[in-house]
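Reader: I have a model to read and some terms to pin down. Please take me through the chain contacts, term by term.

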Amino acid sequence: MKGSTLVILVVGLAVLFWQVARARAYQFGGSGKFGSLPAQHGWFAALWVLLPSLAFLAAWQINAPGMVTDAVLRDPAAAALPPTGLTRASLLAEARALANGTATGAFHGLARDLARRYATVQVRFNWIATAATLGLALSAGFAALAKVHSGFRARSQVERLVTLLLLGASLVAILTTAGILASLFWESGRFFSLVSPGQFLLGTHWSPQSIDPAAPGDSLGSLPLFWGTFFIGAGIAMAVAVPLGLLSAIYLSQYAASTTRRVLKPALEVLAGVPTVVYGYFAALTVAPAVRHLGMALGYADASGESALAAGLVMGIMIVPFISSVSDDSLAAVPSAMREASLALGATPAETVRHVLLPAALPGIAGGIMLAVSRAIGETMIVVMAASGVATLTANPFASTSTVTRQIVDLLTGEQTFDSPKTLAAFALGLALFGVTLCLNLAALGLVRRYRERYD
Amino acid sequence: MTVKMSARHVSAYYGDLRALDDVSIDIDTQHVTALIGPSGCGKSTLLRLLNRMNDAVPGARVEGSIELDGQDIHARDMDVVELRARVGMVFQKPNPFPKSIYDNVAYGPRIHGLARGRGELDAVVETSLRRAGLWDEVKDRLDDRGTALSGGQQQRLCIARALAVDPEVILMDEPCSALDPIATARIEELIGALRGRYAIAIVTHNMQQAARVSQRTAFFYAGRLVEYGDTSDIFTNPRATSTKDYITGRYG
Amino acid sequence: MIALACLAFLVATIAVDGVTGFVRTTVALPVDLTHLPVDARTLTGRSANLALTGAGLERSVDAAATRAFGSDGPTLLGDGAWLTVRDAVRRHPDLLARPFVIHVPVTSAIDIAYKHGTGSGPVLARMQQLKPALDSEFDRDFFTSSDATDPTRAGIWGALKGSLLTIAVTLLLATPIGVAAAVYLEEFARPSRWTGLIEVSINNLAAVPSIIFGLLGLALFLGTLGMPRSAPLVGGLTLALMTLPVIVITARGAIRQVPPSLREAAMGVGASPVQLVFHHVLPLAAPGILTGAIIGGARALGETAPLLLIGMRAFIAAAPDGLTRPATALPVQIFLWSDQVDGGFVENTSAAIIVLLLLLLVLNGGAVYWRARAERRS
């Protein structure tokens, strides 16, 4: 039986048990005054039908493909498979596709034999899954039903289950973080067994297209990438975004008439909602050629159509609304008494902004800028579309520069085998990127929180 | 005269701050007990302890024992939900649910399963609204939102909501402080009418109100129960000087 | 203000390019299919396409083009020209009985030359010769067809459907889990090291670069769990993990807005914490939660990078018909088209961007409207 059919069946069972338990509870009139309602007895039974069987089904769906493959490999025909490598994997994949009916013809005789085996094993496993799931649902359901009698506190039982479910949901965030760390560390660990961390972090030559299998580390030095990332994300983009964002925040919060504010604020929010692929397209199609002409005019003969400046400029524009809104919030958090005190001393509004508001709001703004940097160096689409695939260690904004995110995308698209130094390098880059952004985020969040506490 | 709830040597803390210091007091059935005293004297804290509303306050802690019909309300087998159903509460500011008038009153009976079927529920709603003296004003607009009523009506709706669960004790935390004098008079009248069926404890800042509605009065000062006795005694012949100063308006 | 000027400029460039992307150039082509060995009565059901193709319809159309425009005639027509003829014949089988004139799409170079007057000399010259026969029409196929190698035939339906499936998975997972997590953190969790860890995780995850989620999806869903590549299911799961913190944070904000007096009221009549949440807190917080879900969904809808890594960048010429079928998404399609050399894809890209931006505008506008209405009501 298919997984989705099973789920529907289990849900149906749950509804049935809900009805039965409720009807039973009605017979003895609930659990006395202020006891549990019949419907709560129903929920108790329904949850017991649902939770164990669905948990089992989920675990099964995750583990079943591996178990099926293992069973197939025990078949005598599987002995003919090559022991390791791509051919083995592709033969197995072909056999699986044949068995599932997603492929029509077989290229290899062996795959056809294995496909038959696959089909029988899958049918057997399917029956086991169906029987186990339904058995679990029914036995848990009857066990729950047996508990339904007057005086049984169904409500507190149900509520404990619900609370546990809610707790489980909030653990997903931790599991995600753990999953990120585990997958990055695991794959990077394999990478660093091939390439030494020193070579990777400090090497200045990056050309994954021409890896020498004997010494992969020689062409996987990531220093130019990190330089390019910071040059574009923390340098050029911030040079554009910080002044623009800050000025627009000051203007909006201190000078703008309320009607202007009503129009401009949503407009900035719209700017923040534009997908990055659109910015990337804009950068590649409009800004990059213009920057190249500008570079030529300024005498840079090697001005590139994939320059750091083009990507950085557009990234800066993308970040402006973010900086603006964070700064706006920080300025708004400064107690108005401070502002009024300054004005009352005869300071002009400009002096008040410069000498009172900005210094007071500085920690919040600094935290916002750190978050913006974290966002800029993690930004992918703009650099994939407008920056270069060739990593060079240069401070010339018109030259082509590459970034970490761009390289991750380049390394992981196209044909993949999971254990070449090339693809593993992407995970090592990801780990470094995650580490840097994690530090920036934590520092920024700490700064912003301390700042908030000061004025709350 | 029967004791409905009794507190023995109760102390309460919010973090390090002691809000109540070794208080012992009885709440009797068919009596209105007024808790009076200056702001921050612990009278509201005591009221909230009686149906464990302070459980949800972070850092709040309580010592001593509180009993309802001789049963410890902090005992393990005491369900706090059942306790709150038996000990109803009316708050300082009227706080009807943003639902219809009918649903406001019907909510308690619904979650406790006190009425079977629509007919019984209708009856419970009507009785509760009648007892709260609100029925004639709202019987034609039961589907209107509870928040659309006037302040005094909202507070009577909240009382009706508490009555619908058929409680044994009703706690009132300055129920008239947000109301105008006419609405206040109606609530006081209502309290008098309800006295025969319930044990009522009311926190109030208004001395005249305490004198008008209560039979028993407890005077709190700085977390301590200074004086407790018949209302007529306390108001005519206070023993402690602080009580006398307070009820004569020297401070408070 | 400069930023806004940039926005205006961006929208303007894309709009100028994009509007023409919804229009295609056609040429009036006289066709005579009377000799085609097909019986008009057999043209029913699924076999009709096969019958027409087998009878050599494509060759007949090419021949018609040669007769009409000279020896280079077939190269002037778009790849899909004969399909237009085929569909017309299927709709009106009587066309087989007599010569007729039909408007068919032209090749991408002529299309651009006609719309913008740009292109190489010979192309422009050829376009001038054809001009009397050329015409523009609204490109309905752009919304109903999928990716193709010929820009005049490529459409966004496949990518759009892929996007919708992906977002459906994302929201169906992220919204309930996110709301449940928010409820737990706001209503049940007591301050402890664990809750602190959860909070830090959520706040940090909200700021983790999206590409890291792509790496997670690649390693976890494709690597460890062996799910199919390029599938909307995997894309949706990956984006759900990315959207989750956004939803948790907005839902917590909405829950915190529920006035404490209401909590006391519910507790005062003996509602348990769980009843308090489901009867009072969630209904009141619903508009705010919904707004958060829409904003999260909009963000996921515009997201590209993680989808690239889990393989949703393949050339896929058919709309996906299941959650585990290979698919692409609208922003990925934009990225793929923007990389194409053929000039005709510039228009397609811009037109697809317009569709994406309109979609986002509708979503965000809906969220704003919903929130305003909810605020008015309470």
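Reader: How many residue pairs in polar contact does the rule find across the interface of chain B and chain A?

Author: Zero, counting pairs with both residues at pLDDT 80 or more. A polar contact is a pair of N or O atoms within 3.5 Å; within protein, one must be able to donate a hydrogen and the other to accept it, and residues adjacent in sequence count only if both atoms are side-chain atoms. This is a predicted model, where local features need pLDDT of at least 70 and side-chain atom pairs count only at pLDDT 80 or more, while totals for chains, interfaces and linings use all residues. Residues are numbered from 1 along each chain as its sequence is written, chains are lettered from A and ligands numbered from 1 in the order in which they are written, and side-chain values use heavy atoms, with hydrogens and water left out.

Reader: What makes chain B and chain A count as in contact?

Author: Contact means heavy atoms within 4.5 Å. By that rule 14 residues of chain B touch seven residues of chain A. About 900 Å² is buried between the two chains, 52% of it from carbon and sulfur atoms. Buried area is the accessible area (1.4 Å probe) that two parts lose on being put together, summed over both.

Reader: Which elements of chain B supply its side of that interface?

Author: α2 (80-86) and α3 (101-112) of chain B each supply at least two residues. α2(B) gives the most, with four residues. Helices (H or I, at least four residues) and strands (E, at least two) are DSSP runs, numbered from the N terminus. By class, this side of chain B has five nonpolar, two polar and seven charged residues. Ala, Val, Leu, Ile, Met, Phe, Trp, Tyr, Cys and Pro count as nonpolar, Asp, Glu, Lys and Arg as charged, and the others, Gly among them, as polar.

Reader: How many salt bridges does the rule find across the interface of chain B and chain A?

Author: Zero. A salt bridge needs a side-chain nitrogen of Lys or Arg within 4 Å of a carboxyl oxygen of Asp or Glu. The whole structure has 28 over all chains.

Reader: What makes C:Glu264 and B:Arg48 a salt bridge?

Author: Their side chains meet at 2.7 Å, N to O. That value is within the 4 Å limit. C:Glu264 lies in helix α13 (residues 260-268) of chain C and B:Arg48 in helix α1 of chain B, so the pair joins two chains.

Reader: Why are α5(A) and α9(C) called roughly perpendicular?

Author: The axes of α5 (residues 154-194) of chain A and α9 (residues 157-188) of chain C cross at roughly 110 degrees and come within 7 Å. Axes are lines fitted to C-alpha atoms, for helices over the stretch in contact, and angles run from 0 to 180 degrees between N-to-C directions. Angles under 35 degrees count as roughly parallel, over 145 as roughly antiparallel, 65 to 115 as roughly perpendicular and the rest as oblique. The pair is therefore roughly perpendicular. Residues meeting there include A:Leu166 and A:Val172 in α5(A), with C:Tyr184 and C:Phe188 in α9(C). The contact divides into eleven nonpolar, two polar and no charged residues.

Reader: How much area do chain A and chain C bury between them?

Author: About 5,400 Å², 81% of it on carbon and sulfur atoms. A:Leu166, A:Tyr281 and A:Phe282 supply 11% of the area that chain A buries against chain C, more than any other three residues. The contact takes 66 residues from chain A and 64 residues from chain C. There are zero salt bridges across this interface, but five residue pairs in polar contact (both at pLDDT 80 or more).
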